[in-house]
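Hi,

Here is the structure I promised to pass on. Have a look at it first, and then read my notes underneath.

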Amino acid sequence: MSELHKFIFEGLPVRGMLVRLTDSWRQVLQRRAASNDAFPAPVRALMGEMAAAGSLMQANIKFNGALVLQVFGDGPVKLAVAEVQNDLSFRVTAKVVGDVAPDAQVEALLNVHGKGRCAITLDPKDRFPGQQPYQGVVSLHGDRREPLQKISEVLEHYMLQSEQLDTRLILAANDEVAAGLLIQRLPVEGAGNLGRSNEDEIGVNEAYNRISLLASTLTREELLTLDADTLLRRLFWEETLRRFPPLVGDDGPRFACTCSRGRVGRMLIGLGRPEVDDIVVEQGRAEIGCDFCGAQYHFDAVDVGELFTPTPQQAPGSQSIN
Ligand SMILES: [Zn+2]
């Protein structure tokens with residue numbers, strides 16, 4: 001079963017989290033394979049890593065809404081999206097055009113011309129009218145403009161830039177497991193105060209650097225195959241870890257799609273009646289498939305008529321009236 005583990009290093013301003021997406025991740029891949037449209041292996045790995053990273057970031061900030069990781073690419077992958085709700089349910093998809101080399105990493109998948117971008121969006125659950133979701137955007141390059149090859153490096157960069165938080169992120173995915181380890185330095189109270197000695201600062205840095213270095217010795221093989229207890233023991237056996245009850249089942253990471261007939265209907269209303277009528281005339285009905293879960297939604301002429309008929313509850317001036 002998919003699981004997320006949180007822990008802190010006793011007495012040190014460092015926390016960590018480990019996620020293993022197993023059944024939920026396989027469900028994502030099976031749905032896609034069932035529609036005869038399986039993603040190439042490097043894209044599956046990218047999506048798995050993004051799903052693991054999104055779960056870690058959402059569990060880390062506990063944002064009341066959706067955390068959305070999007071990478072806009074200029075290579076064969078035009079878009080990859082992982083969306084994680086605050087109950088840790090997630091969905092993930094990608095849009096691929098053209099061939100993908102079997103060993104392709106971030107640069108070859110998404111940043112062929114250096115124009116790839118990664119956007120992290122926090123979309124509040126109950127947005128008040130006019131409220132915009134928060135969004136941060138980073139390029140797929142490091143500090144020296146070198147193209148990054150791993151999505152974990154892109155996200156580490158983002159967290160340092162936007163939140164000023166030192167973070168070590170290790171991700172891996174195959175067709176069975178998508179997993180990730182996050183180690184983060186906690187903001188220290190009173191940091192920057194004049195009364196603070198340099199020695200305190202050095203001690204704090206040393207603790208984080210040591211733990212982060214231990215984390216980076218984790219191999220892909222270990223991350224994908226070891227259970228949480230074995231993995232944490234093997235990496236941090238010299239540290240004092242305080243662990244919290246793992247988040248599993250209904251409290252843990254799981255696959256769920258937020259698509260619905262109502263949402264698809266609202267999307268069609270957004271397109272406008274003439275456009276939708278054209279589709280129905282040409283194709284007999286409007287067929288919309290969900291890229292995340294594969295669900296198919298059909299709207300025939302009668303459905304479309306109903307869709308564009310204003311109901312008494314509808315606010316005046318909403319798009320469906322014209
Ligand atoms: Zn869906």
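Below is what I found in it, going from the whole chain down to single residues.

Before anything else, keep in mind that this is a predicted model. Confidence is good to know up front: the mean pLDDT over the chain is 91, and 92% of the residues reach at least 70. Strand β4 (residues 77-84) has the highest confidence, at 98, whereas helix α5 (residues 198-215) has the lowest, with a mean of 82. As a general reminder, predicted coordinates should not be read in detail where pLDDT is low.

**The chain as a whole**

You'll find 10 helices and 14 strands in the chain. Along the principal axes, its C-alpha atoms fill a box of roughly 70 × 45 × 40 Å. Of the 322 residues, 32% are buried. If you take the contacts between residues at least 6 apart in sequence, 65% of them join residues at least 24 apart.

**Strand β2 and its two partners**

I'd start with β2 (residues 14-21). Since 7 of its 8 residues are buried, β2 is largely enclosed by the rest of the structure. One of its partners is β1 (residues 3-9), which runs antiparallel to β2 and is joined to it by 6 bridges. For a landmark in that pairing, look for Lys 6, which stands opposite Met 17 in β2. β1 and β2 form a hairpin with 4 residues between the strands, and Gly 11 in this hairpin has a positive phi near 80 degrees.

β2 also pairs with β9 (residues 178-185), again in the antiparallel sense, over 8 bridges. Here the pair to look for is Arg 15 and Gln 184, the latter in β9.

**From β3 through β4 to β5**

The next stretch is built around β4. What is the burial like there? 6 of the 8 residues of β4 are buried, so this strand is largely enclosed by the rest of the structure. On one side of the pairing, β3 runs antiparallel to β4, with 6 bridges joining them. Phe 72 stands opposite Leu 79 in β4, and the two strands make a hairpin with 4 residues between them.

β4 pairs with β5 as well, in the antiparallel sense and over 7 bridges. Glu 83 has Arg 91 in β5 as its bridge partner. The β4 and β5 hairpin has 4 residues between its strands, and that is where Leu 88 takes its positive phi.

**Two residues with positive phi**

Leu 88 deserves a second look, as does Lys 62. Leu 88 is not a glycine, yet its phi is positive, at about 75 degrees. Leu 88 sits in the loop between β4 and β5 (89-96). Is it buried or exposed? Leu 88 counts as buried because it has 23 C-beta neighbours inside 10 Å, and 20 or more is the cut-off.

Lys 62 also has a positive phi without being a glycine, with a value near 50 degrees. Its place is the loop between α2 and β3 (65-72). Lys 62 is exposed, because only 12 or fewer neighbours are needed for that label and it has 9 other C-beta atoms within 10 Å.

**How α2 meets α4**

Next, a helix pair. α2 (residues 41-61) and α4 (residues 151-163) have axes that come within 10 Å and cross at roughly 30 degrees. The crossing of α2 past α4 is right-handed. From α2, the residues involved are Leu 46, Glu 49, Met 50 and Ala 53, and they meet Ile 151, Ser 152 and Leu 155 of α4. Sorted by class, that contact has 5 nonpolar, 1 polar and 1 charged residues.

**Pro 246 and the start of the chain**

Last on my list is Pro 246, which lies in the loop between β10 (241-243) and β11 (247-248). Which residues does Pro 246 contact, leaving aside its neighbours within four places in sequence? They are Glu 3, Leu 4 and His 5. Pro 246 and Leu 4 are 242 residues apart along the chain, but their C-alpha atoms are separated by 5.6 Å. Pro 246 is partly exposed, because its 17 other C-beta atoms within 10 Å fall between the cut-offs of 12 and 20.

Happy browsing, and write back with any questions.

Methods:
Residues are numbered from 1 along each chain as its sequence is written. This is a predicted model: local features need pLDDT of at least 70, side-chain atom pairs count only at pLDDT 80 or more; totals for chains, interfaces and linings use all residues. Axes are lines fitted to C-alpha atoms, for helices over the stretch in contact, and angles run from 0 to 180 degrees between N-to-C directions. A crossing is left-handed if the near helix is turned anticlockwise from the far one by less than a right angle, and right-handed if clockwise. Two residues are in contact if their C-beta atoms, placed from the backbone, lie within 7 Å. Ala, Val, Leu, Ile, Met, Phe, Trp, Tyr, Cys and Pro count as nonpolar, Asp, Glu, Lys and Arg as charged, and the others, Gly among them, as polar. pLDDT is the predictor's confidence in each residue, from 0 to 100. Two strands pair if DSSP finds at least two bridges between them.
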